[in-house]
Amino acid sequence: MARKLLLENINVPGIHTFDVYRQNGGYRAVEKALKTMTPDSVVEEVKTSGLRGRGGAGFPTGMKWSFLAKPEGRERYLVCNADESEPGTFKDRYLMTHIPHLLIEGMIVASFALGAKTSYIYVRGEMMPQIRILERAIAEAKNAGFLGKNILGSGYDLELYVQPGGGAYICGEETALIESLEGKRGNPRIKPPFPAISGVWACPTVVNNVETIAAVVPIINDGGEEYSKIGNGRSTGTKLISASGNLNKPGVYEIELGLPVEEFIYSEEYCGGIANGKRLKAVVAGGSSVPILPANLILKTINGQPRLMSYESLSDGGFQTGSMLGSGGFIAFDEDQCIVRNTWNFSRFYHHESCGQCSPCREGTGWMEKVLHSLESGHGKMSDIDLLVDVSKKIEGNTICPLGDAAAWPVASAIRHFRDEFEWHVTNPKEAMEHNYGLAKYADPLPKLEEVASQN
Amino acid sequence: MLSVTEHKEIEFSADLISKFEEIVTRYPEGKQKSALLPVLHLVQAEYGWVSPEAMEKVAEFLQIQAIEVYEVATFYTMFFLRPQGKFVLEVCRTGPCCLVGAEKIMTHIEKTLGVKEGEVTADGNFSWRGVECLAACGMAPVLQIGPEYTFYENLTEESVDKLIESLKNKI
């Protein structure tokens, strides 16, 4: 691809320091926004860019910003969601570690656009090294006059603080994050009211992902229109993909949205193919919460079209034959991996992370974990498989927050596409303890829509 | 769950209190409860765990009820409610790490230290546990050690052995 918008300078020695960052064009967006633009014109640029939330939901950022209520006499807050906890996702860690000033610059521009005078970066508690890095970078920026009172003589004041979490995936949900920021248990709130109306301390609040905020910098530097020219359809710009699992070159890659999935997996410019000469069996394309797909359906849509790394293409086919871009946490499974074991592992994760408010999630996640453990350890019954689908349907859509859905989708999709493997665990329990099911028909050929539809 | 120990009076040092006070300045007047998580992290860094006595003192400082501290300390997984080893090895146990050998690493740690998950070695120096996704999946397997959460990536049985040896030398 042409120029990387976020990671262009990531390998410049010292880019994590203010001086080197500034020498390489850093903080130009702050100068441009505060000296030559109005808050509303900054919001317009972001709208024009087509930027969508990079945390996982993909909601248009400009639109989210425009929802912010602006009542007289009430403070507004911008909170950056750096609670990165979606299994498979590690791009925010990468960005904050190596180029923290990009996030800080984005926070200043975004806070200006939203009229926030105090902003917070909520970082998951385990990322203590990153918290230290950000605190140091904030001190450098303040020292250089880019934070504090009357920034660059513009009359705009901004204080920026880092707030640690305490180890809770649920605090990546924006209202649970706000609860945590208020010093409480991370229980999501019922929406409406949305944070744009009533958020932190009941004040209008916008919560945005790290990468979303970082993207504001190139959008202001080059203009929203330029940003919108990159990408594919309604998936504009670039995305940081976190590639993990059985790949030759796992890591964080900045891609232009619309890149073919096959190229992303196999080309030397990106993941370099499957490790140890193995064959690809399955992919979870956007973090553990999105449907898992067998190799044949991740490389091509059900219509035989090459699948692209974009919101639209990955969702092609809905949940029946498609998945989602989500957080871009791209996990690759080779032919030796056990889908049943992995599904149990993910169900244990969601059960552990459920905040416990909603009965369908609190009880359903625990139930799914138990049944999956039974299947994986050779004690499952055939009826367990439909039971899992049934429980997942009873959780989906019946909870205050999307964690319930996120717990349901991996189980439902694993059974939808890999039912044979689950059944084999029931009919051949001894064998299942000794070796894995293997690649079977999961790579080739492409299934027929009627086959998949009948699996439900 | 909350550990009921013999009641030991504790006093926070002046240094710790001044750190708490700095944190409180980050929030609007009257919203000092927002300092709770950062304060609990400092308490755990100081004492190695969060005791009921410490929680009561935190409640006093923040002018909130003790229950408001208990409910937070019991919700967030990073806070230890009983004393741990001097070094607590926390290994990621979620899907992507397991695809590349995290479970073998945990088995190796259990064998090497000689204690099960959550237990402390007889000399009081080590404990370990599996934790959920640490957002480092591309460098898996990984582990972290508090209170600064120093991070160790691309683990092998050899690198784990080296790490444990180097920690033993620090005692």
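**Figure 1. Helix H2 of chain B in close-up.** H2(B) is built from twelve residues and spans 16 Å between its first and last C-alpha atoms, close to the 16 Å expected at 1.5 Å a residue. The view, like those that follow, is taken from a predicted model. Among the residues of H2(B) that are buried are B:Leu36, B:Leu37, B:Pro38, B:Val39 and B:Leu40, and further along H2(B) the buried residues include B:His41, B:Val43 and B:Gln44. The cover over these buried residues includes, from chain A, strand E3 (159–164) and helix H8 (174–181), and, from chain B, helix H1 (14–24), helix H3 (52–62) and H4. Just after H2(B) comes B:Gly48, whose phi is positive, at about 90 degrees.

**Figure 2. The contact between chain B and chain A.** To this contact chain B gives 34 residues, while chain A gives 44 residues. On the side of chain B that touches chain A, the elements giving two or more residues are helix H2 (36–47), helix H4 (66–73) and helix H5 (95–99) of chain B. When the residues of that side of chain B are sorted by character, 21 are nonpolar, seven are polar and six are charged.

**Figure 3. The fold and the two domains of chain B.** Chain B holds seven helices and four strands, and their order along the sequence is α-α-α-α-β-α-α-β-β-β-α. The domain assignment places residues 14–73 of chain B in domain 1 and residues 87–168 in domain 2, and the centres of domain 1 of chain B and domain 2 of chain B, taken over C-alpha atoms, are separated by 29 Å. Along the principal axes, the C-alpha atoms of chain B fill a box of roughly 50 × 35 × 30 Å. Of the 171 residues in chain B, 39% count as buried, and among the contacts in chain B with a separation of 6 or more, 60% join residues that are 24 or more positions apart.

**Figure 4. The surroundings of B:Lys104.** This view turns to B:Lys104, which is placed in helix H6 of chain B, a helix that covers residues 102–113. B:Lys104 counts as partly exposed because 14 C-beta neighbours lie inside 10 Å, a number that falls between the limit for an exposed residue, 12 or fewer, and the limit for a buried one, 20 or more. Although B:Lys104 and B:Thr156 are 52 residues apart along the chain, a distance of 9.2 Å separates their C-alpha atoms.

Key:
Residues are numbered from 1 along each chain as its sequence is written. Chains are lettered from A and ligands numbered from 1 in the order in which they are written. This is a predicted model: local features need pLDDT of at least 70, side-chain atom pairs count only at pLDDT 80 or more; totals for chains, interfaces and linings use all residues. Domain bounds come from an automatic or database domain assignment. Two residues are in contact if their C-beta atoms, placed from the backbone, lie within 7 Å. Ala, Val, Leu, Ile, Met, Phe, Trp, Tyr, Cys and Pro count as nonpolar, Asp, Glu, Lys and Arg as charged, and the others, Gly among them, as polar. The expected span of a helix is 1.5 Å times one less than its number of residues.
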